[in-house]
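Trainee: Could you go through this model with me before I get back to the bench?

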Amino acid sequence: MKSIFFFFTLCLPAFLPAQQTIKFQGTHAPDSAVIKLIDDYSRSFEDNATVADRDAKRRQLVSPAYFYHGMDGAPIGLEGLTKRQTKNQFKLMADSVYDKVLYQYENTAILIFKEWQHLFDKGVEKKATNSVLVVMSKENGVWKVVADIIGQKPKETAAIEIVPSPPKN
């Protein structure tokens, strides 16, 4: 088991893009299927004309019981989120993800990170930082995203260098 963890710790970063550096914690070595799910999930946010297009890509990656928990404190399923963000004319123009940590367990994985975003929502263009927690679970032998949870604004945002990624929508 230690040799598998050693392999993932040393070799896995070579398979991820440079900005995708992830620290690893938890009771198990990073599962390659979880790393693939994280990569696929991240890519689902790229190059979308609409919120519905984005969520159509995400649908195959999320649990039927998936929920999003935003700053309003009210969990909402994927279909409700799609409808709400479409109504709000949500558009992600650029973002930068940093401070990623993956907590890997036997049947659960939790990715935490901080994110700077340039977005349009509810008629307002804004730039903001968030902390995010993505929970993944093994369902019928397949890893799925079960929740996206938005946390409080990180305190150290003034100290980071933000390098936005290309437009997403």
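Mentor: We can take confidence, then a helix, then a single residue. This is a predicted model, in which local features need pLDDT of at least 70 and side-chain atom pairs count only at pLDDT 80 or more, while totals for chains, interfaces and linings use all residues. Residues are numbered from 1 along each chain as its sequence is written, and side-chain values use heavy atoms, with hydrogens and water left out.

Trainee: What's the mean pLDDT of the protein?

Mentor: The mean is 82, and 80% of the residues reach 70 or more, pLDDT being the predictor's confidence in each residue, from 0 to 100.

Trainee: And which stretch has pLDDT below 50?

Mentor: That is residues 1–19, a stretch that has 16 contacts in the model beyond near neighbours in sequence, where contact means heavy atoms within 4.5 Å. Where pLDDT is low, the predicted coordinates should not be read in detail.

Trainee: Switching to helix α3, which residues are buried there?

Mentor: In α3 (residues 51–59; helices are DSSP runs of H or I, at least four residues), the buried ones are V51, R54, D55 and R58, buried meaning under 20% relative accessible area with a 1.4 Å probe, protein chains only. They lie on the same side of α3 because they cover an arc of only 90° around the axis, taken from the directions from the helix axis to the C-beta atoms.

Trainee: What covers them?

Mentor: The cover includes α2, β2, α4 and β7.

Trainee: Last one: is E115 buried or exposed?

Mentor: E115 is buried, with a relative accessible area of 10%, and its contacts beyond four places in sequence include D95, Y98 and N130.

Note on methods
Buried means under 20% relative accessible area, exposed over 50%, partly exposed in between (1.4 Å probe, protein chains only). Helices (H or I, at least four residues) and strands (E, at least two) are DSSP runs, numbered from the N terminus.
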